[in-house]
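User: I would like a close look at one part of this protein, the place where two of its helices pack against each other. Please set that contact within the chain as a whole.

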Amino acid sequence: MKCAPLCSAGCRTDLRRTAVLDAGCGTGALSIDAACRGAEVTGIDVAAGLVEVARERTPSFIGHGRIRWRSGDMLDPALGEFAHTVAMDSLIHYPLGDLVSALEQLGEQCGTSLLFTFAPHTPLLGVMHKAGKFFPKSDRSPSIVPINEEELRASLSRLNGWHVGRTRRVSSGFYTSQAMELVKA
């Protein structure tokens, strides 16, 4: 993997000396891209095997950026302070109250923006989620919890100093996700 010279919009945002937390980094694609733009990235995931894959995929040269790979809890305050936090698909298994609590914890360590995804409630996902409860827990994978966007927005009002910025729903075949940005006021 090489550092990409441009983002999809044709820009190359300079992130030098910017601390970024990739909360739930998986195999590290976002962490690597941010580091290639100069960011000081902490990539953390609860799955140690994914973090090892991310470490192996990291190019030998990532420009001015650095990546600190960690396996563990993305909510650990010992990770430090960050300008930006990204939690892509790492909160989709949380019910609404737990999702907002996690964002509140992440927000305590973040100074500028929080970007996260959630599974927006759709009729099909709602039916599938209810049907999945009929199977024994040992026979099913972790549940994606559908979240009602209006309820989420109302619950986010408890995050003092944060407001909703951009939001965008992404659909590709069966997969539907919604990205939401919280911006520090």
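**The helix contact and its setting**

Analyst: Read from the N terminus, the elements of the chain follow the order β-α-β-α-β-β-α-β-α-β-α-β-β, which amounts to five helices and eight strands. The model is a predicted one, and the description below should be read with that in mind. Of the 185 residues in the chain, 39% are buried, and among contacts with a separation of 6 or more, 66% join residues 24 or more positions apart.

Two packed helices are described by the angle between their axes and the distance between the axes. For helix α3 (residues 96-108) and helix α5 (residues 149-156), the axes come within 10 Å and cross at roughly 40°. This angle falls neither under 35 degrees, where a pair would count as roughly parallel, nor in the range of 65 to 115 that counts as roughly perpendicular, and α3 and α5 are therefore oblique to each other. The crossing of these two helices is right-handed. On the side of α3 the contact is formed by L96, L99, V100 and L103, while α5 contributes E151, L152, S155 and L156. Sorted by character, the residues of this contact comprise six nonpolar, one polar and one charged. An α-helix has 3.6 residues a turn, so residues three or four places apart point the same way.

Another residue of α3, L106, is among the residues touched by T85, which itself lies in strand β4 (residues 82-87). T85 has a relative accessible area of 1% and is therefore buried, the cut-off being under 20%. Leaving aside residues up to four places away in sequence, T85 also touches L21, A23, C110, S113, L114 and L115. One of these partners, C110, is likewise counted as buried, because its relative accessibility is 3%. A further cysteine, C25, is buried as well, at 7% relative accessibility, yet the structure holds zero disulfides.

Helix α1 (residues 29-36) offers a second view of the buried part of the chain, with S31, I32, A34, A35 and C36 as its buried residues. The elements that cover them include the strands β1 (19-23), β2 (40-45) and β3 (66-71), together with helix α2 (48-57). Just after α1 comes G38, which takes a positive phi of about 105°.

How values were computed. Residues numbered from 1 in each chain as written. Predicted model: local features only at pLDDT ≥ 70, side-chain atom pairs only at ≥ 80, totals over all residues. Heavy atoms only, no water. Disulfide = S-S within 2.5 Å. Buried < 20%, exposed > 50% of the residue type's maximum accessible area, 1.4 Å probe, protein only. Axes fitted to C-alpha atoms, helices over the stretch in contact; angles between N-to-C directions. Helix = DSSP H or I, 4+ residues; strand = E, 2+ residues; numbered from the N terminus. Parallel < 35°, antiparallel > 145°, perpendicular 65-115°, else oblique. Left-handed = near helix turned anticlockwise from the far one by under 90°. Contact = heavy atoms within 4.5 Å. Nonpolar A, V, L, I, M, F, W, Y, C, P; charged D, E, K, R; others polar.
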